[in-house]
Amino acid sequence: MASPFRSLVEDYPRYLKSFELYRQRSSDHQCMQDFIHNTHPDVLASIGGGRTILNVLGVGSGPGEIDLELLAQLHLKHPHVKVHNEVVEPNNDMLHKYKARVSSTPDLDHINFTWNEMTASEFEKHWQEKNSGEKMDFIHIIQMLYYVKDPAATVSFFRSLLDKDGKLMISLASGESGWSKLWTTYKKQLCNAENSQCVTTGDMKTFLDSEGIPYRNYELLSQMDITESFTEGDPVGELMLDFLTEVKEFSKNAPKDLKKEVLDLLRHPDCSTEVDGRILFNNNTGVLVVEP
């Protein structure tokens, strides 16, 4: 049964506003940066096979902040190598911000950017039509698989583009996070499969294990302060509930019983902890590094 609600992603300005709030209230960005700087360099060091040009592909790159962090770490590990960086991002506003960030970032002369304003499925079709046989040394799909029709098929396609020592990095909500508990419990009521998938690293690990695909799993600890979500009529809390449920104006449109059940679950120890009167949601991120 499809969700009866309007998906938050259909209202881009409200989605962007809620996402910015999420960034302010969670440690997600910091934990990802820590991973890129402290753990991921070892992954990047293993790619390339001594070649003088590395092919990198970012899928759903958004405004490019994380992409440029990854590219900087890649340059540290391979300082004398040129990089061809394919960017796949369907949102024009995000792509514009990425280009602006590139133009204001020094020392990127070793990188050639190719901009693809398209969805992952459009890029797959474009790539197959191009049929160049080109292989990728590093592909990253950061918090994007929620927005494809078939996450497993998408992963399979991009994995097929890897060179023999390439790596595919996927980040999603962890299967051990509060997101997983929320989606497992209320998937039918909240998840609109036309717009987004309630998918976690737990789901992807099940797929990869079933196919015998080798990967490494990393758990990044993160929290999000959702305290205002429990105050009726609080504008910050209502926007936060929109982000948590991916439902536009969830607080106004959800039946009272569903709203109460969701709020009770969000406050439950399975999803959150209470510290000094603040409700901290388990926002753990999982990172999977998939082999060819």
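**Exercise 1.** In this predicted model, find the order of the strands in the open sheet of 3 strands, and explain why one side of β7 and of β8 is left without a neighbour.

*Solution.* Start with the order, which reads β7-β9-β8, with antiparallel pairing. Next, look at the ends of that order: β7 (223–225) and β8 (272–275) stand at the edges. Each has a single partner strand, so one side of each lacks a neighbour in the sheet. Finally, from one strand to the next the twist averages 30 degrees.

**Exercise 2.** Work out how many bridges join β8 to β9, and which residue in β9 is the bridge partner of Glu-274.

*Solution.* Go to β9, residues 278–282. This strand runs antiparallel to β8, and 4 bridges join the two. Now pick out Glu-274: its bridge partner in β9 is Ile-279.

**Exercise 3.** Now take the open sheet of 7 strands: give its order and say which strands stand at the edges.

*Solution.* Write down the order, β3-β2-β1-β4-β5-β10-β6, and note that the pairing is mixed. At the edges stand β3 (111–116) and β6 (215–220); each has a single partner strand, so one side of each has no neighbour in the sheet. Neighbouring strands here are turned by 15 degrees against each other on average, direction ignored.

**Exercise 4.** Decide whether β1 and β2 pair in the parallel or antiparallel sense, then find which strands helix α7 touches.

*Solution.* Strands β1 (residues 53–59) and β2 (residues 82–88) pair in the parallel sense, over 7 bridges. As an example, Val-87 in β2 has Gly-58 opposite. Helix α7 (residues 151–160) packs on the sheet and touches β1, β4, β5 and β10. The direction of α7 makes about 150 degrees with that of β5.

Note on methods: Residues are numbered from 1 along each chain as its sequence is written. This is a predicted model: local features need pLDDT of at least 70, side-chain atom pairs count only at pLDDT 80 or more; totals for chains, interfaces and linings use all residues. Side-chain values use heavy atoms; hydrogens and water are left out. Two strands pair if DSSP finds at least two bridges between them. Axes are lines fitted to C-alpha atoms, for helices over the stretch in contact, and angles run from 0 to 180 degrees between N-to-C directions. Contact means heavy atoms within 4.5 Å.
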